[in-house]
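Open the model in your viewer and keep the sequence panel in sight. We will go from stop to stop, selecting a few residues each time.

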Amino acid sequence: MSIQANESPESSATGDLAGKHIVLGLSGGIACYKAAELCRALIKAGATVQVVMTEAAAQFITPVTMQALSGRPVYTSQWDQRETNNMAHINLSREADAILIAPCSADFMAKLLHGRADDLLSLMCLARPIDSVPLLLAPAMNREMYAHPATQRNLFQLQADGATVLGVGSGFQACGETGDGRMLEPDQLLDDVIAFFAPKPLAGQRVLITAGPTYEAIDPVRGITNLSSGKMGFAVARAAREAGAEVTLVAGPVSLPTPRGVTRVDVKSAQQMFDAVSARADAATVFIATAAVADWRPAAASVQKIKKDGSGEAPQLAFVENADILAAVAGSTRAQSGALFCVGFAAESHDLLAHAQAKRLKKGVPLLVGNIGPATFGQDDNALLLVDAAGSQELPRAAKLHLARQLVATVAARLPKTLKNHHEN
Ligand code: CTP
């Protein structure tokens with residue numbers, strides 16, 4: 001029988017994991033079915049993947065499936081004669097940029113903890129060069145097994161021994177019970193692996209971000225909003241998290257998934273966004289205002305739906321201006337003293353450079369990011385113009401996540417020394 005991978009895994013080397021070689025270890029558990037998709041996701045992101053399975057894992061999913069998806073023969077035994085020196089555990093671990101055990105069963109964690117080495121996967125983990133080949137664990141087990149003091153003790157000690165535990169999901173389990181212990185979904189694990197490899201120039205920083213549109217109610221069924229999708233702000237939140245920051249995202253009404261590891265606060269109106277930001281700005285060291293906040297709101301929202309009165313006349317709506325969140329935060333004592341670095345966005349339709357420069361001064365921020373509103377709202381890509389006191393820099397059209405990562409690197413490089421030292425001390 002021949003095995004045909006439906007794409008050449010080695011050919012996709014342009015993604016977030018381009019150039020990375022991951023050893024994907026599977027221990028026994030029903031979550032092995034997710035490992036197939038994870039393998040594919042890692043490869044799509046540009047990694048090369050070598051699968052190693054325990055005997056128990058092979059009860060749940062066949063090495064044939066994993067070979068087809070990874071495009072490489074799978075290793076299951078330390079006695080594998082394909083290796084000319086018969087030392088698969090050494091050869092496999094020396095080539096890896098990381099070993100990812102997904103799923104990592106309770107039993108396999110116990111083995112790792114004690115440094116046991118009676119099968120290829122545990123042997124390889126023990127034999128890995130501990131300083132250069134990181135070990136990432138994606139636990140997967142029944143909720144009682146997960147909550148058991150022995151498992152919790154093992155998790156704690158494995159982290160103390162240098163392993164990175166990627167956490168677990170919560171919800172319905174294959175056993176029919178509901179609780180903590182499910183393996184994270186393949187896309188979540190992929191994001192965690194990408195974040196793991198990212199440089200950490202924002203480590204120790206607390207980043208507060210606004211994103212999306214606001215919604216200003218006219219009555220209980222109607223309101224005023226705008227076309228902001230929130231994608232840029234969510235990408236900035238993800239990039240800041242990848243860069244090591246603690247991130248809080250205050251989001252207007254959008255239906256986007258929360259980036260991994262980010263704390264999200266949902267709001268609707270500009271006033272609610274203002275209140276949510278005000279309550280958290282004192283704890284932040286960086287504030288990035290990407291939200292398209294409504295400039296005005298109806299002076300008085302009607303409690304009941306406004307009905308046509310038959311006269312053919314439209315209702316007369318009066319508006320009041322919303323408070324400027326960015327200007328308020330940028331004018332605070334902490335921002336003025338350099339304890340809080342503020343970044344504004346400007347969505348313009350024309351004369352981007354001139355408007356962005358004027359807006360930077362008006363808002364009182366060291367860095368303002370200009371973009372053309374109609375060309376970005378709802379899109380997955382964008383082009384940015386960074387404006388500061390010294391001049392401007394274009395970031396050419398690219399995926400929003402790519403631009404967000406560039407922006408985060410720029411912000412990190414511009415943080416005043418006092419803030420950088422803040423976490424080094
Ligand atoms: N902003 C804010 N609170 C507001 C209005 C805007 O925090 N009430 C922030 C936005 O998140 C963005 C920046 O200010 O970072 C620029 O917003 P924008 O609406 O483009 O600027 P305005 O000051 O409203 O100017 P104009 O609408 O006249 O272009």
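Select A283. This residue is in the loop that runs between α11 (270-281) and β13 (286-289). This is a predicted model, so treat each stop as a feature of a prediction. Is A283 buried, partly exposed or exposed? Its relative accessibility is 44%, and the band for partly exposed runs between 20% and 50%. A283 therefore counts as partly exposed. Now add V207 to the selection. The two residues are 76 apart along the chain, yet their C-alpha atoms are separated by 9.0 Å.

Step back into helix α11 and pick S278. S278 has a relative accessible area of 40%, so this serine is partly exposed as well. Measure from its C-alpha to that of A328. You should read 8.8 Å, for a pair that is 50 residues apart in sequence.

Next, select Q205. Look for it in the loop between α9 (186-197) and β8 (206-211). Here the relative accessibility is 2%; buried means under 20%, so Q205 counts as buried. Show side chains and add T285. A polar contact of 2.7 Å joins the side chains of Q205 and T285.

**The ligand**

Now select the ligand and centre on it. Where does the ligand sit? It is in the largest pocket. Show the residues around it. There are 14, and A289, A291, F345, K359 and K363 come nearest. Colour this shell by class. You should find eight nonpolar residues, one polar and five charged.

Which secondary structure elements each supply at least two residues of the shell? They are α12 (325-330), β16 (341-348) and α14 (352-363).

Zoom in on the oxygen atoms of the ligand. Start with L326: one of its polar backbone atoms is 2.8 Å from a ligand oxygen. Move to F345. A backbone N or O atom of this residue also lies 2.8 Å from an oxygen atom of the ligand. Finish with K359, where the atom to pick is a polar one in the side chain. It lies 2.7 Å from an oxygen of the ligand. Then turn on surfaces. The ligand taken alone exposes 580 Å², and the protein buries 80% of that.

**Backbone stops**

Hide the ligand and show the backbone. Select D351, in the loop between β16 and α14. D351 is not a glycine, but its phi is positive, at about 45 degrees. The relative accessibility of D351 is 52%; exposed means over 50%, so D351 counts as exposed.

Go to N86 for another positive phi. The value is near 60 degrees, and again the residue is other than glycine. N86 is in the loop between α3 (63-70) and α4 (88-95). With a relative accessible area of 36%, N86 is partly exposed.

Now select A102 and P103. What kind of peptide bond joins them? The bond is cis, with omega about 5 degrees. P103 belongs to strand β3, residues 98-104.

**The whole view**

Clear the selection and zoom out. Switch to cartoon. The protein has 17 helices and 19 strands. Its C-alpha trace spans about 85 × 55 × 45 Å along the principal axes. Colour by accessibility for the last view. Of the 425 residues in the protein, 47% are buried. Q205, with its 2% relative accessibility, is one of the buried residues.

Technical notes
Residues are numbered from 1 along each chain as its sequence is written. This is a predicted model: local features need pLDDT of at least 70, side-chain atom pairs count only at pLDDT 80 or more; totals for chains, interfaces and linings use all residues. Side-chain values use heavy atoms; hydrogens and water are left out. A residue is near a molecule or strand if one of its heavy atoms lies within 4 Å of it. A polar contact is a pair of N or O atoms within 3.5 Å; within protein, one must be able to donate a hydrogen and the other to accept it, and residues adjacent in sequence count only if both atoms are side-chain atoms. Accessible areas come from the Shrake-Rupley method with a 1.4 Å probe; for residues, only the protein chains shown count as cover. On a 1 Å grid over the protein atoms alone, a cavity is a set of points where a 1.4 Å probe fits but cannot get out, and a pocket is an open set with protein on both sides within 12 Å along at least five of seven lines; lining residues have an atom within 4 Å of a point. A molecule sits in a cavity or pocket if more than half of its atoms lie within 2 Å of its grid points. Helices (H or I, at least four residues) and strands (E, at least two) are DSSP runs, numbered from the N terminus. Ala, Val, Leu, Ile, Met, Phe, Trp, Tyr, Cys and Pro count as nonpolar, Asp, Glu, Lys and Arg as charged, and the others, Gly among them, as polar. Buried means under 20% relative accessible area, exposed over 50%, partly exposed in between (1.4 Å probe, protein chains only).
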